[in-house]
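Biologist: Before accepting the terms used for this model, I should like to hear the reasoning behind each of them. Could we go through them in turn?

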Amino acid sequence: MPGTPMAKRRKTPPILRKRPEQDRSRATVEAILEAAARILARDGYGGFTTNHVAAKAGVSVGTLYQYFPNKESLLGELIRRHRNAIEDGIEEVAPRAQDLPFEDVVRAAIEQVVCAHLVDPALHRVLSETPPLGKVDWEATFGARLTAQVKAAFAARRSEIVVPDLDLAVYVAMRAVEAVIHNAATERLSDLKSGALTQEVTRMLLGYLTGRATPVTPAARETPTRPG
């Protein structure tokens, strides 16, 4: 008698077929990724094909396939870069986690996430949706470093965090911040740019982590955007 079918293992995103070594090759890869980002932001997944990307980038499909075996790998590279922008920002905050007031640490981390989403809000909205490109485990592939950074920052301030399970606190905090900022990038962009949303997310997160209703100092300036 046949056994019960096992759930399919989620696959990891395919990597670049080859890494560009020369300046010209790197410029080609950047043109392809820029074209992919523009098509995703404008047309969503419905218009996202390797033929469309190659045409917009001004290269042949064969040239595109030299570097990206399929559209999943293009998507994976865009997500990786988005994750890296957030991770690099959190990495800037991490060394100050023990020295600054907890409110300032939380606010600084949230500002870094906001900055990453202000680079291209329309693209980030598409990347936050579930891609109809197969069951790809983006989170497991690109989220480990960011999770470790947040956990280390929380561990440095453990005495101020009332949530008993630190891993759960990290999960809830990351998911809550990601969900609000992703949606605000298209639904309340002016609040994202002005710093008003940063203030409210900081208030929300501090209340959850510390168990106290925390008055948050209003932002003195607009949240800066990262260079494109």
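The exchange below sets computed values against the terms applied to them.

Modeller: Please bear in mind that the model is predicted.

Biologist: What makes helix 1 oblique to helix 2?

Modeller: The axes of helix 1 (residues 23–43) and helix 2 (residues 50–57) cross at roughly 120° and come within 8 Å. Roughly perpendicular covers 65 to 115 degrees and roughly antiparallel begins over 145. The angle falls in neither class, and therefore helix 1 is oblique to helix 2. The crossing of helix 2 by helix 1 is right-handed.

Biologist: Which residues make the contact?

Modeller: Helix 1 contributes A31, I32, A35, A36, R38, I39 and R42, while helix 2 contributes H52, V53, K56 and A57.

Biologist: How many of the residues in this contact are nonpolar, polar and charged?

Modeller: Seven are nonpolar, one is polar and three are charged. Ala, Val and Ile count as nonpolar, whereas Lys and Arg count as charged.

Biologist: Where in the chain is confidence lowest, and where is it highest?

Modeller: Helix 7 (residues 138–142) is lowest, with a mean of 54, and helix 2 is highest, at 95. The chain as a whole has a mean pLDDT of 80, with 78% of its residues at 70 or more.

Biologist: Over residues 220–228, how many contacts beyond four places in sequence does the model have?

Modeller: It has 21, with pLDDT under 50 throughout that stretch. Residues 1–12 also stay under 50, and the model has nine such contacts for them.

Biologist: How many helices and strands does the chain contain?

Modeller: The chain has eleven helices and zero strands.

Definitions and conventions. Residues are numbered from 1 along each chain as its sequence is written. This is a predicted model: local features need pLDDT of at least 70, side-chain atom pairs count only at pLDDT 80 or more; totals for chains, interfaces and linings use all residues. Side-chain values use heavy atoms; hydrogens and water are left out. Axes are lines fitted to C-alpha atoms, for helices over the stretch in contact, and angles run from 0 to 180 degrees between N-to-C directions. Helices (H or I, at least four residues) and strands (E, at least two) are DSSP runs, numbered from the N terminus. Angles under 35 degrees count as roughly parallel, over 145 as roughly antiparallel, 65 to 115 as roughly perpendicular and the rest as oblique. A crossing is left-handed if the near helix is turned anticlockwise from the far one by less than a right angle, and right-handed if clockwise. Contact means heavy atoms within 4.5 Å. pLDDT is the predictor's confidence in each residue, from 0 to 100.
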